[in-house]
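Visitor: I would like to go through this structure step by step. Please take the sheet, the helices and a few single residues in turn.

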Amino acid sequence: MEKPTITQAMINAYDEYTHLTLDRRRFMEKLTALAGSGAAAAAIAPMLAASGARAQIVPEDDDRLTAEDVTYPGAEGEMKGYLVRPKDAAGDLPAVIVIHENRGLNTHIRDVARRMALEGFVTLAPDFLSPQGGTPSDEDQARQMFSSLDADQTTANAEATRVYLSELDGTNGEVGAVGFCWGGGLVNRLATKSPELGAGVAYYGSQPPVGDVPDIEAPLMLHYAGLDDRINAGIDAYRAALEENGKVFEIHVYDGVNHAFNNDTSAARYNKEAADLAWQRTVEFFKTHLS
């Protein structure tokens, strides 16, 4: 069989599936109709999905870093996370929380945490499924678990993570947060609840209620994918509320790219040019606001 062609409609169907508006059976039925046959759909589905085999850009044993799994106090109960530090740092460093997508703390997000640490930050990737025992290996199961998370408790756990990092030896007390998809939405909510958040960067994250925008103190950088109609529907209202309330923010929309364009484990949706530019902007933003 020739390599199948992946269309925008197929990517949109996968986005529906991964955000729980389609179950796997209905997704495969829709993909089969779009692909023209069950065999073609079976070949395309793995190309749409994220692959753990592509997750490691920075090796786990990179000798420039020290990395460990940690536990720390959450708002209620214990949180688990992956803590990464530059090994030979001179002096205290700013810290960054790396917040996962709706797949939980997986190998890709651990790798993103290592990448951020190499930029000169103490980095912690929390597992926000900790209240349910932690991220399972099965992605479908992980996505289902997100639907039962309590939003207020989750935001409180994000704030507890910020407090933990601000008090950790080797940090300068300044903490930012970057999140992707579900994690981008959590960064936006955290910004409305945490006056001490140093900076927030949300990649294609859902916007907070506009009535909460006056409570935002942190400068924000908001990355959006041009083809992501579902998330982008909220941009205008969010922008207007941020402007009306005199907040410090930047909005970047990357034309012609899909939701999750930063996730280099998903061949169909990853866009290197947009991902590299967004990452460069993100690192510079944190260095400006967390120094």
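Guide: Two strands pair if DSSP finds at least two bridges between them. The model is predicted.

Visitor: In strand 4, which residue is the bridge partner of G81?
Guide: Strand 2 (residues 78-86) and strand 4 are paired through five bridges, in the antiparallel sense. One residue of strand 2 to look at is G81. Its bridge partner in strand 4 is P126.

Visitor: Which residue in strand 4 does A95 stand opposite?
Guide: Strand 3 (residues 93-99) and strand 4 run parallel and are joined by three bridges. Opposite A95, the residue in strand 4 is V122.

Visitor: How many residues of strand 4 are buried?
Guide: Buried means under 20% relative accessible area. On one side of strand 4, V122, L124 and P126 are buried, and on the other side T123, A125 and D127 are buried, which leaves both faces covered. For strand 4 (residues 122-127), the number of buried residues is six of six.

Visitor: What is the order of the strands in the open sheet?
Guide: Strands of a sheet pair through backbone hydrogen bonds, either parallel or antiparallel. Here the pairing is mixed, and the open sheet has eight strands. Their order is 1-2-4-3-5-6-7-8.

Visitor: Which are the edge strands, and what does the twist average from one strand to the next?
Guide: An edge strand here pairs on one side only, as do strand 1 (65-73) and strand 8. From one strand to the next, the twist averages 20°.

Visitor: Which residue in strand 6 does V178 stand opposite?
Guide: Strand 5 (residues 171-180) runs parallel to strand 6, with five bridges between them. The residue of strand 6 that stands opposite V178 is V201.

Visitor: At about what angle does helix 10 run to strand 6?
Guide: Helix 4 lies across strands 1, 2, 3, 4 and 5, and runs at about 40° to strand 2. Helix 10 lies across strands 3, 5, 6, 7 and 8. Its angle to strand 6 is about 170°.

Visitor: Are helix 4 and helix 10 parallel, perpendicular or oblique to each other?
Guide: Two packed helices are described by the angle between their axes and the distance between the axes. The axes of helix 4 (residues 107-118) and helix 10 (residues 272-289) come within 11 Å and cross at roughly 55°. The crossing is right-handed. Given that angle, the two helices are therefore oblique.

Visitor: How many nonpolar, polar and charged residues does the contact of helix 4 with helix 10 have?
Guide: Helix 4 contributes V112, R115 and M116, which meet W279, T282, V283 and F286 of helix 10. By class, this contact has five nonpolar, one polar and one charged residues.

Visitor: Is helix 6 roughly parallel or roughly perpendicular to helix 7?
Guide: The axes of helix 6 and helix 7 (residues 182-193) cross at roughly 75° and come within 9 Å. Angles of 65 to 115 degrees count as roughly perpendicular. Helix 6 is therefore, relative to helix 7, roughly perpendicular.

Visitor: Which residues make the contact of helix 6 and helix 7?
Guide: By class, the contact has four nonpolar, two polar and three charged residues. Helix 7 supplies W182, L186, R189, L190 and K193, and helix 6 supplies T154, T155, A158 and E159.

Visitor: Is N157 buried or exposed?
Guide: N157 is placed in helix 6 (residues 151-166). Beyond four places away in sequence, N157 touches G74, A75, E76, M79, F128 and P131. Its relative accessible area is 2%, so N157 is buried.

Visitor: What is phi of Y204 near?
Guide: Most residues other than glycine have a negative phi. Y204 sits in the loop between strand 6 (199-203) and strand 7 (220-225), and is buried at a relative accessible area of 1%. Its phi is positive, near 40°.

Visitor: What is phi of A260 near?
Guide: A260 belongs to the loop between strand 8 (249-254) and helix 10. With 2% relative accessibility, A260 counts as buried. Its phi is also a positive value, near 70°.

Visitor: What separation do the C-alpha atoms of D276 and E243 have?
Guide: D276 lies in helix 10 and counts as partly exposed, at 38% relative accessibility. Along the chain, D276 and E243 are 33 residues apart. Their C-alpha atoms are separated by 27 Å.

Technical notes:
Residues numbered from 1 in each chain as written. Predicted model: local features only at pLDDT ≥ 70, side-chain atom pairs only at ≥ 80, totals over all residues. Heavy atoms only, no water. Helix = DSSP H or I, 4+ residues; strand = E, 2+ residues; numbered from the N terminus. Buried < 20%, exposed > 50% of the residue type's maximum accessible area, 1.4 Å probe, protein only. Contact = heavy atoms within 4.5 Å. Axes fitted to C-alpha atoms, helices over the stretch in contact; angles between N-to-C directions. Parallel < 35°, antiparallel > 145°, perpendicular 65-115°, else oblique. Left-handed = near helix turned anticlockwise from the far one by under 90°. Nonpolar A, V, L, I, M, F, W, Y, C, P; charged D, E, K, R; others polar.
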